[in-house]
Amino acid sequence: MKLLILGRGKTGSLVADVARERKHHVTIAGAAENAQCAALAPEKLRNTDVVVDFTTPDCVLDNIEACLQAAKNMVVGTTGWHEDLPRIRKLVENRNAGFLYAANFSIGVNLFFDIARTAAAALGHDYTGQIFERHHAHKKDAPSGTALSVQRIIREASGKEENLEIISFREGEVVGMHEVVFESVNDSIYLCHDASSRRAFAEGAIRAAEWIAGKKGFYDFKDVWRDL
């Protein structure tokens, strides 16, 4: 499979390494090569099977729109743009493309989502809750997309209208830690996922690219990871 990886950061570079290990043909475009979406012109994407985006919130929407205008399938791991999901979903449908996104491609994090969904029942039994997330000092968006996903999952599962507070920390080279704390007058419940390597994100993203190749439609990784 021929993949175009957008982003030369730590995660994007690791995604490219994993793709090569899985015997895919890889091209990488960083900010310089893709200024004003120069790497995403239809003629340059003609022989690309899937575009994988691990860039930054300030350019990801332009990248998505350029790929979809070329009707090219895409996997997006960049966060900070999810308020535009309804518009992008409509664009995917109009262009008859395949699109798969996630706040986090780690299998462990998606299991963590399931645990948080079950634990949300605590809010109906006199518990209060908070979400804590820690990432490296270079991460541009806060709260993280993963923390926002946990917040939404707990709200929907609990039936409560209010969102749990998210407290964000940006420090050092922390890969990513997410913690949910439920407290009552009698006890506390702690749920935690602590990533020690970005490799889980990279492997999940490439498995997502393999899955979306040749498919049409709009997908969230949480809905398909068990099939991979």
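Select asparagine 96 to begin: with a relative accessibility of 48%, this residue counts as partly exposed, the class between buried (under 20% relative accessible area) and exposed (over 50%), as judged with a 1.4 Å probe and protein chains only. Its phi is positive, near 55 degrees, although the residue is not a glycine. Asparagine 96 lies in the loop between H4 and strand E5 (98–101). Helices here are DSSP runs of H or I with at least four residues, strands are runs of E with at least two, and both are numbered from the N terminus.

The model is predicted, so local features need pLDDT of at least 70 and side-chain atom pairs count only at pLDDT 80 or more, while totals for chains, interfaces and linings use all residues. Residues are numbered from 1 along each chain as its sequence is written, and side-chain values use heavy atoms, with hydrogens and water left out.

**The whole chain**

Zoom out to the full chain, which has eight helices and ten strands. Its C-alpha atoms fill a box of roughly 65 × 35 × 30 Å along the principal axes. The radius of gyration, taken over C-alpha atoms, is 18 Å, which agrees with the value near 17 Å for a compact globule of 228 residues; the globule rule is 2.2 Å times the number of residues to the power 0.38. Of the 228 residues, 50% count as buried. A contact means heavy atoms within 4.5 Å; among contacts between residues at least 6 apart in sequence, 69% join residues at least 24 apart.

**Helix H3**

Next, select residues 60–69, helix H3. Seven of its ten residues are buried, so the helix is largely enclosed by the rest of the structure. The buried residues are Val60, Leu61, Asn63, Ile64, Ala66, Cys67 and Leu68. Display their surroundings: they pack against strand E1 (2–6), H2, strand E3 (50–53), E4, H4 and E5. After H3 comes alanine 71, with a positive phi near 55 degrees.

**Threonine 79**

Move to threonine 79, in the loop between strand E4 (73–76) and helix H4 (85–95). This residue is buried, with a relative accessible area of 7%. Which side chain forms a polar contact with that of threonine 79? The partner is aspartate 141, at 2.6 Å. A polar contact is a pair of N or O atoms within 3.5 Å; within protein, one must be able to donate a hydrogen and the other to accept it, and residues adjacent in sequence count only if both atoms are side-chain atoms. Leaving aside residues up to four places away in sequence, threonine 79 touches Pro57, Ala102, Ala103, Lys139, Asp141 and Gly145.

**A cis peptide bond**

Select alanine 142 and proline 143, which are joined by a cis peptide bond with omega of about 0 degrees. Proline 143 belongs to the loop between strand E6 (128–135) and helix H6 (145–158).

**Cysteine 37**

Cysteine 37 sits in the loop between strand E2 (25–29) and helix H2 (42–45). Its phi is positive, about 60 degrees, although cysteine 37 is not a glycine. Is this residue buried or exposed? Its relative accessibility is 18%, so cysteine 37 counts as buried.

**Glycine 172**

Finish at glycine 172, in the loop between strand E7 (165–170) and strand E8 (176–183). With a relative accessible area of 45%, glycine 172 is partly exposed. Residues up to four places away in sequence aside, it touches His136 and Ala137. The C-alpha atoms of glycine 172 and arginine 134 are separated by 9.7 Å, and the two residues are 38 residues apart along the chain.
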